[in-house]
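Colleague: Could you take me on a close look at the salt bridges in this model? I would be glad of a walk through them, pair by pair, with a word on the surroundings.

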Amino acid sequence: MSSAPTIADIARTAPVRDVAGRNMVVGFIGNFRAEKSPLWALDEIARARAAGRFAPAIDILIGTADTEFLARWKDRATVVDTTARADYLRALESCDVVVLPYDESSYSYRTSGVLAEAVALGCLVVAPDLPALRDQVGLPLPVGVCYKNRSELVDCVQRAIQMALQPARALATQAHCDQDRKSVV
């Protein structure tokens with residue numbers, strides 16, 4: 001019986017991509033069940049992108065195994081079928097920021113595997129400000145931003161983009177991977 005892969009097992013081995021002079025990639029990745037539906041957040045981010053609210057500019061990436069969802073967004077975003085785990089991990093690794101617009105009532109005291117894997121692959125994250133997710137994003141070092149209400153989402157994504165531009169991003173990712181290694185021992 002094999003154990004589940006740890007964050008350290010999937011951690012990015014290549015250097016974090018250079019972000020200078022290119023659009024940032026904001027991703028929505030996962031199995032979009034009712035409690036994980038990104039529709040409201042995708043709409044907000046797409047409207048803000050169209051209005052030129054992000055600096056630097058962004059590209060949107062959607063990764064899910066839901067082919068109908070991908071088909072609806074293929075003209076507005078890069079879409080990736082993440083049915084295969086390798087494609088899921090490649091999609092995550094392609095992102096600078098991953099948005100996890102989880103339903104507040106379902107995630108009040110839950111952590112997120114997608115969040116942990118995104119961080120291991122060098123992404124910053126944006127998630128709702130809920131107890132377990134807040135700790136997961138903020139400890140041991142901040143690897144993203146938590147929004148208190150939906151109206152803050154666009155500003156929080158912009159803050160995460162600015163964090164992604166900072167050299168300290170690699171230190172925060174490493175601290176999360178080190179913490180994961182310690183918790184496995």
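Modeller: Happy to! Let us start in helix α2 (residues 39-50), where Arg47 and Glu44 are three residues apart and therefore separated by about one helical turn. These two form a salt bridge, with their closest N and O atoms 2.8 Å apart. Glu44 counts as partly exposed, because its relative accessibility is 30%. Please keep in mind that this is a predicted model. As for the chemistry, side chains of opposite charge can pair when their charged atoms come close.

Helix α4 (residues 85-93) offers another pair: Asp87 and Arg90 are three residues apart there, so about one helical turn lies between them. Their side chains meet in a salt bridge at 2.5 Å, N to O. Asp87, at 26% relative accessibility, counts as partly exposed.

Now for a pair that sits in loops. Asp129 forms a salt bridge with Lys148, and the closest N and O atoms are 2.7 Å apart. Asp129 belongs to the loop between β5 (124-128) and α6 (131-138), while Lys148 is in the loop between β6 (144-147) and α7 (153-164), so this pair ties together parts that are 19 residues apart in sequence. What about burial? Asp129 is buried, as its relative accessible area of 19% is under the 20% limit. Lys148, in contrast, is exposed, with a relative accessible area of 63%. Salt bridges that share partners also join Asp129, Arg134 and Lys148 into one network. The count for the model comes to eight salt bridges, and those above are among them.

While you have the structure open, have a look at a polar contact of another kind. Ser112 is found in the loop between β4 (97-99) and α5 (113-120). At the start of α5, a side-chain oxygen of Ser112 reaches to within 3.3 Å of the backbone nitrogen of Val114. Ser112 is buried, with a relative accessible area of 4%. Leaving aside neighbours within four places in sequence, Ser112 is in contact with Leu100, Tyr102, Leu133 and Gln136.

The helix that follows is buried too: seven of the eight residues of α5 are buried, so this helix is largely enclosed by the rest of the structure. The buried residues of α5 include Val114, Leu115 and Glu117. After α5 comes Gly122, which has a positive phi, near 90°.

Methods
Residues are numbered from 1 along each chain as its sequence is written. This is a predicted model: local features need pLDDT of at least 70, side-chain atom pairs count only at pLDDT 80 or more; totals for chains, interfaces and linings use all residues. Side-chain values use heavy atoms; hydrogens and water are left out. Helices (H or I, at least four residues) and strands (E, at least two) are DSSP runs, numbered from the N terminus. Buried means under 20% relative accessible area, exposed over 50%, partly exposed in between (1.4 Å probe, protein chains only). Contact means heavy atoms within 4.5 Å. A polar contact is a pair of N or O atoms within 3.5 Å; within protein, one must be able to donate a hydrogen and the other to accept it, and residues adjacent in sequence count only if both atoms are side-chain atoms. A salt bridge is a side-chain nitrogen of Lys or Arg within 4 Å of a carboxyl oxygen of Asp or Glu.
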